[in-house]
Every structure is written in C-alpha cells, then in structure tokens.
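Welcome! Open your viewer, show the side chains, and follow along one selection at a time.

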Amino acid sequence: MINFSEATLSRLAIHQVGNKSSDQGLKLSDAEVALNGEVRDILNHYFTKPFRQSEMFNFYHDAGLQFNEVYSFVKGVFKSPESLLDQSLLIAKHLYEQSDHPNIKDGELYVAFLENCRMDNFDYSAVGIFKSEQKETYLKVYPEGRNFQVSHDNGININKLDKGCLILNSNEEGGYIVLTVDNTNKEEAQYWRKGFLGVKPLEDAYFNTKNYLQLCRDFAVEAFPEADRLDQMSLIQESAKYFKEEETFDKAKFREKVLQEPELIQAFDDYKQEYENKGNFRIEDEFDINSDAVKKMSKVFKSIIKLDRNFHIYVHGNRNLIRKGFDEESGMGFYQLFYKEES
C-alpha cells in the first residue's frame, strides 16, 4: 500500500506535446513552474489520487535496462533533482516520437519531482510524468454590482488524470517501482505503456491475484464454449468466492474446493500453461491474495445470463435454484427460478 498523505511536490516542468503524424510539434518551456501553496496542494491531489490503488510495473528493455529511455531520464533526475528541467525536455521529445498514431491527442506534459511518498513504512522520492488531453467546460458565476453574471472557460478536471505514471526511487537495478494509469482505454493509447514508458507488470501478489482471477474467468468461458451456461457461471462464482474468502492462494486447496473433478483439473492445468505462454509470464502456484486486485476484478465476475433482448438474469448464489429447459410446443428455451421470498 502506498500513502501520499505527506507527499510534497517540490519541482515541476510543463511542456506541450502534439501529434507527430499531424506535425503539431512541441512547445518546450525554458524554466520550471513557480509553485505557490494553493496550486501545489491542487497539483498534489491531481498527480497522486489515481495511484493510491494501482498495479505496479518495472521499466524494461529487451536489449538491456540501460536502453530504456525513460528509465535513463528518470535515473538522471533521482541523481540530481536540479536537472529535472533538462531531463523533462528529453522526456517530452521522446513522447513526441511515440505520438505518431493519428488518433493520439495533443496535450500538456507535466514532469514532477515529489518527496515523502510512503511505501511499506519507508519514504521515497518519486518522479511523476503526466499528460492531460481532455478539456472540460466550466461555468464561472461571479457578482457584478447587485447581480450575478455567468461566463465559461475550458480547463482540466483535477479529479480525472488522462495518462500518468509515478516512479518511486526504489529498486533501481530492477527498473524502479512504476505506477501507471491510462484512462483512454483505446488501442492507440497503448503507446503510453509500451512505446513511451516501456514497462512490464511487477510479478507480485497483485499481479498473481489479478491474472489468476482472469485465468479462471477465461477458462470457464473459453475452454467450455459449448458447456451449460449455468456450469460456466458456477465455476466463475466458486473461483471468485475462493479469492474473497482466503488470504493466501494454494494450488492444491483451489483444486479441491473449486475444480474438484480430475478431468476439469487437467483441462484447467493445460489452459493455464497456454495462458502463461501467450502472455509470456508465469503465475505462481502459491501467493498472498491481494484484496485490491480482487476488488478490481469483481467486475469481470458478474454472473449474467442474457436472453435475447428481453431479459437479463443475475445469478448471485446457489445455481441449483435455477434450471434450464426447452419447450417443445413453442420451440424456445426457458429457465425456472426457485425462491422463498419476493422483495
């Protein structure tokens, strides 16, 4: 868990980064931003709020960590915080080179240096790299004599960071601890993590929990596409229940409580191997279950049966209280639901 309650923004540089494919160019500052108390507090909130529950990453490069550009620039800032402006210019130019998809929007790039970011009872300095792309319209109501007037302006919503990362000055040799968010959620936005930052997930408890839950869900849906929908949902629900109730994951215990049948266990093991090979990673057989990952993945585990365009059935509990059948006279399928009380 990372705590930013005492974090302090001490240095900041801002640049404008356009879309390279549209020749929008760069607008580079020649000085850091002068921070006052009120603006500093607002920016602290804007920069740190999205990362209080965040998956962790490391910088990497196939040819060697020293070839990762952002890693090298950030390392320079940690070595000498006074070099933040110079390093931010290099970061802006590197981002511009990666902004070559026609749908990537221009925006302000913020490069910040923060102190007193607490993780595991230790305080770390951090380098933040953020990009704001979306502008929103705000109304301004102000007095004029005995009346009020209304005007508008465009600005940035400080409760919604478009893209950003925080790099903690920890584990330099392994690629630092990197927290990153990208709220664009579009294919072209992958340039932020892959092309620009060059990061891979840190294979910790969060990583193992998240990926095992995704594995369970995909196995139920993809490995048994012709299986009874209720059987699929039952497997998904039992998997989610295991992760909610247990504090640690144990392969043997999971097999016993969730999979149970030898044929299902073998099919799951085969699918897990394919899943790991495809993702080029390995999920451990024993690990601490991360509650943040369970909470985040709960959306994936919603058990919904969609019937044509007429009905949605939400199944939350005992699958034996719902039965599937086929009506010969109408030529249509049906479900029976059994219950004691109606509310």
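Before the first stop, one cut-off to keep in mind: a residue counts as buried when its relative accessible area is under 20%. Also remember that you are looking at a predicted model.

**Stop 1: two tyrosines**

The aromatic pairs in this model number 26. Begin with one of them by selecting Tyr-71 and Tyr-176, whose rings form a tilted pair, 5.3 Å from centre to centre with 45° between the planes. Now colour by secondary structure: Tyr-71 belongs to helix α2 (residues 69-79), while Tyr-176 is in the loop between β9 (163-168) and β10 (177-182), so this pair ties together parts that lie 105 residues apart in sequence. Are these rings buried or exposed? Tyr-71 is buried, with 5% relative accessibility, and Tyr-176 is buried at 0%.

**Stop 2: two phenylalanines**

Next, select Phe-249 and Phe-287. Their rings make a stacked pair, with 4.9 Å between the centres and 10° between the planes. Phe-249 sits in strand β12 (residues 248-250) and Phe-287 in strand β13 (residues 286-288), so the pair links distant parts of the chain, 38 residues apart. With a relative accessible area of 2%, Phe-249 falls under the 20% cut-off and therefore counts as buried. Phe-287 is buried too, at 8% relative accessibility.

Keep that pair on screen and widen the selection. Which residues do ring pairs link into a cluster here? Add Tyr-212, Phe-219, Tyr-242, Phe-243, Phe-254, Phe-268 and Tyr-271 to Phe-249 and Phe-287, and you have the cluster.

**Stop 3: helix α8**

Two members of that cluster, Phe-268 and Tyr-271, are among the buried residues of helix α8. Select the whole helix, residues 262-279: its 18 residues reach 26 Å from the first C-alpha to the last, close to the 26 Å expected at 1.5 Å a residue. Alongside Phe-268 and Tyr-271, the buried residues of α8 are Leu-264, Ile-265, Lys-272, Tyr-275 and Glu-276. Turn your view to look down the axis of α8: the buried residues fall within an arc of 140°, so they line one face of the helix. What does the face turned away from the buried side carry? Look there for the exposed residues Pro-262, Glu-263, Glu-274, Asn-277 and Lys-278. Just after α8 comes Asn-280, which has a positive phi, near 60°.

**Stop 4: a buried lysine**

For the last selection, go to Lys-163 in strand β9. Lys-163 counts as buried, at 1% relative accessibility. Show Glu-133 as well: a polar contact of 2.9 Å joins the side chains of Lys-163 and Glu-133.

Definitions and conventions
Residues are numbered from 1 along each chain as its sequence is written. This is a predicted model: local features need pLDDT of at least 70, side-chain atom pairs count only at pLDDT 80 or more; totals for chains, interfaces and linings use all residues. Side-chain values use heavy atoms; hydrogens and water are left out. Rings of Phe, Tyr and Trp (its six-membered ring) pair if their centres lie within 6.5 Å; planes under 30 degrees apart count as stacked, over 60 as edge-to-face and the rest as tilted. Helices (H or I, at least four residues) and strands (E, at least two) are DSSP runs, numbered from the N terminus. Buried means under 20% relative accessible area, exposed over 50%, partly exposed in between (1.4 Å probe, protein chains only). A polar contact is a pair of N or O atoms within 3.5 Å; within protein, one must be able to donate a hydrogen and the other to accept it, and residues adjacent in sequence count only if both atoms are side-chain atoms. The expected span of a helix is 1.5 Å times one less than its number of residues. The arc is that of the directions from the helix axis to the C-beta atoms.
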